[in-house]
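Trainee: Hey, have you got a minute to go through a fold with me? I'd like to get my bearings before I go back to the bench.

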Amino acid sequence: MAEPMKIRTTLKGDSADVRVLMVHPMETGQRKDTGGNIVPMHFIQEITVKLNGRVVIEGQISQAVSRNPVFSFRLKGVKAGDKLEIAWLDNGGERSQSEAALA
């Protein structure tokens, strides 16, 4: 299981600004190791964001994203205490999921 994500939320009225740090190496498949061998691709492919169990964001990304990516977005129509779930799946089948309450 991957390291938990770091989620920061800032509630402003009925909207929330969310920043998520996803710990992942995000290898492009173009870098070589010290032995001159190509490091295989290893990257997050899918991201899903749920608010109170309902999917509000689904996205696909590729190896063009940097190591330990930070994603930010704004959710509208929310209130303090709403449950936010964020999950990712990488091209190797590894998954990570984290939860936070909006505050």
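Mentor: Sure, let's go through the sheets, then the core, then a couple of single residues. Keep in mind that this is a predicted model.

Trainee: Okay, what's the strand order in the four-stranded sheet?

Mentor: The order is S4-S3-S6-S7, in an open sheet with antiparallel pairing. Strand S4 (54–60) and strand S7 (95–101) sit at the edges, each pairing on one side only. From one strand to the next, the twist averages 15°.

Trainee: How many bridges join S3 to S6?

Mentor: Seven bridges, between residues 44–51 of S3 and residues 83–90 of S6, with the two strands running antiparallel. To find your place there, look at Ile-44: Asp-90 in S6 stands opposite Ile-44.

Trainee: And the three-stranded sheet, what's its order?

Mentor: That open sheet goes S1-S2-S5, with antiparallel pairing. S1 and S5 are the edge strands, and each pairs on one side only. The twist there averages 15° from one strand to the next.

Trainee: Which pairs line up between S1 and S2?

Mentor: Arg-8 has Arg-19 in S2 as its bridge partner, and Thr-9 stands opposite Val-18 in S2. Strand S1 (residues 6–12) and S2 are antiparallel and share seven bridges.

Trainee: What about the turn of that hairpin, how many residues are between the strands?

Mentor: Two residues, and Gly-13 in this hairpin takes a positive phi near 65°.

Trainee: New topic. Which residues have the most contacts inside the largest nonpolar core?

Mentor: Val-20, Met-22, Ile-44, Phe-73, Leu-84, Ile-86 and Trp-88, in a core of 20 residues. Strand S2 (15–21), S3, strand S5 (70–76) and S6 each give two or more residues to this core. S3 gives the most, with four residues.

Trainee: Why would they cluster like that?

Mentor: As a general trend, nonpolar side chains in soluble globular proteins tend to be buried together.

Trainee: Fair enough. What does Phe-73 touch?

Mentor: Skipping residues up to four places away in sequence, Phe-73 touches Ala-16, Asp-17, Val-18, Val-20, Val-49, Ile-57 and Ile-86.

Trainee: Now Glu-27. Is that residue buried or exposed?

Mentor: Glu-27 counts as buried, because its relative accessibility is 11% and the cut-off for buried is under 20%.

Trainee: Where does Glu-27 lie?

Mentor: In the loop between S2 and S3.

Trainee: And which residues are around Glu-27?

Mentor: Leaving out residues up to four places away in sequence, Glu-27 touches Val-39, Pro-40, Met-41, His-42, Phe-43, Gln-63 and Arg-67. There's also a polar contact of 2.7 Å between the side chains of Glu-27 and Arg-31.

Trainee: Last one: Glu-99. Buried or exposed?

Mentor: Exposed, because its relative accessible area is 52% and the cut-off for exposed is over 50%. You'll find Glu-99 in strand S7.

Trainee: What is Glu-99 in contact with?

Mentor: Setting aside neighbours within four places in sequence, Glu-99 is in contact with Ile-7, Lys-83, Leu-84 and Glu-85. Take Leu-84: the C-alpha atoms of Glu-99 and Leu-84 are separated by 5.6 Å, with the two residues 15 apart along the chain. Leu-84 is also one of the residues with the most contacts inside the largest nonpolar core.

Trainee: Great, I'll go and find those on screen.

Terms used:
Residues numbered from 1 in each chain as written. Predicted model: local features only at pLDDT ≥ 70, side-chain atom pairs only at ≥ 80, totals over all residues. Heavy atoms only, no water. Pairing = 2+ DSSP bridges. Axes fitted to C-alpha atoms, helices over the stretch in contact; angles between N-to-C directions. Core = buried A, V, L, I, M, F, W, Y, C linked by side-chain atoms within 4.5 Å. Buried < 20%, exposed > 50% of the residue type's maximum accessible area, 1.4 Å probe, protein only. Contact = heavy atoms within 4.5 Å. Polar contact = N/O pair within 3.5 Å; in protein donor to acceptor, adjacent residues only side chain to side chain.
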